[in-house]
Every structure is written in structure tokens, then in C-alpha cells.
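Welcome, and please take a moment to look over the model below before reading on. The notes after it are meant to be read with the structure open beside you.

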Amino acid sequence: MAKATKVNKSAAIREALNANPDKQPKWIAETLTAKGVTVTAQMVSTIKSKVKAGAGKRRGRKPGRPAVTKAATNGRGRTGGDAYDDVQSTIVFVQGVGGLDKAKQLIALLEAARRM
């Protein structure tokens, strides 16, 4: 005895929606049921809303932004420590590049490069 093949109901609904975008879910459900695919109007509505909303669309961070892990933040969404640590890091940077004027020049170059 041959084994009956299963029909992917969601795929059948999506095909019917693509072929008949202006039809109501009840009509699509009746049409598919007549073809041997038992579906309800509610199931058609659910699939229709997911297709419309772009279900399966990959969500994530915006391109060009570095990923910040939870371990790298201090629990308030900021990276690093408190303001004292930020000031200390800035002082080390300014001293490392050779003074405040040199640091300002480097920051201006970075801003110009970012705008390109």
C-alpha cells in the first residue's frame, strides 16, 4: 500500500495568497479544502498576517554598528565604567598622542573620515 504524501498547508496557503491577493481568507480556505487541503479561514488569516509582516525577516543590529556584548556593558547600556574611568582614559589618550592640540587634530580627522 502506498504511503500518502503530506501536504505543506502553509506553503499551499502562501501559493493561494500569491495567486489571489484580493480574496478573503474564507474563500481561500474553501478553495483549498475543495482541492483536498483541509485548512480553516483562521489558519489562512494567520499565514496572511505573517507574510504581510515579513515573518522570517532577519532582525539584528544595524549594519556598521559594532556588536556590544552584555559582558562589555556595565548594566546600564554603557560600555566601560563610571565617569572617573572615562576621564582617566581620556587623559591617557591625550598624553599618549602628544598633547591636547594633537588629540583635537586626530579627533577632527576621525570625524572627517566618518563623514566619507
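What follows is a short tour, from the overall fold to one helix and one ion pair.

This is a predicted model, in which local features need pLDDT of at least 70 and side-chain atom pairs count only at pLDDT 80 or more, while totals for chains, interfaces and linings use all residues. Residues are numbered from 1 along each chain as its sequence is written, and side-chain values use heavy atoms, with hydrogens and water left out.

**Overall picture**

- The chain has five helices and zero strands, where helices (H or I, at least four residues) and strands (E, at least two) are DSSP runs numbered from the N terminus.
- Along the sequence, the pattern reads α-α-α-α-α.
- Of the 116 residues in the chain, 13% are buried; buried means under 20% relative accessible area, exposed means over 50%, and partly exposed lies in between (1.4 Å probe, protein chains only).
- Among contacts (heavy atoms within 4.5 Å) with a separation of 6 or more, 36% join residues 24 or more positions apart.
- About 10000 Å² of the chain is exposed, and carbon and sulfur atoms supply 57% of that area; the areas come from the Shrake-Rupley method with a 1.4 Å probe, and for residues only the protein chains shown count as cover.

**Helix 2 and its two faces**

- Helix 2 spans residues 25-34, and its buried residues are Pro25, Ile28, Ala29 and Leu32.
- These residues sit on the same side of helix 2 because they cover an arc of only 100° around the axis, taken from the directions from the helix axis to the C-beta atoms.
- Helix 1 (9-19) and helix 3 (41-53) are included in what covers the buried residues of helix 2.
- On the face turned away from the buried side, helix 2 carries the exposed residues Lys26 and Ala34.
- Glu30 also belongs to helix 2, and it counts as partly exposed at 47% relative accessibility.
- Glu30 and Thr40 are ten residues apart along the chain, with their C-alpha atoms separated by 8.0 Å.
- After helix 2 comes Gly36, which has a positive phi near 105°.

**A salt bridge in helix 5**

- The whole structure yields one salt bridge, defined as a side-chain nitrogen of Lys or Arg within 4 Å of a carboxyl oxygen of Asp or Glu.
- Its partners are Glu111 and Arg115, whose closest N and O atoms are 3.9 Å apart.
- Both Glu111 and Arg115 lie in helix 5 (residues 100-115), four residues apart, or about one turn of the helix.
- Glu111 is partly exposed, at 40% relative accessibility, whereas Arg115 is exposed, at 67%.
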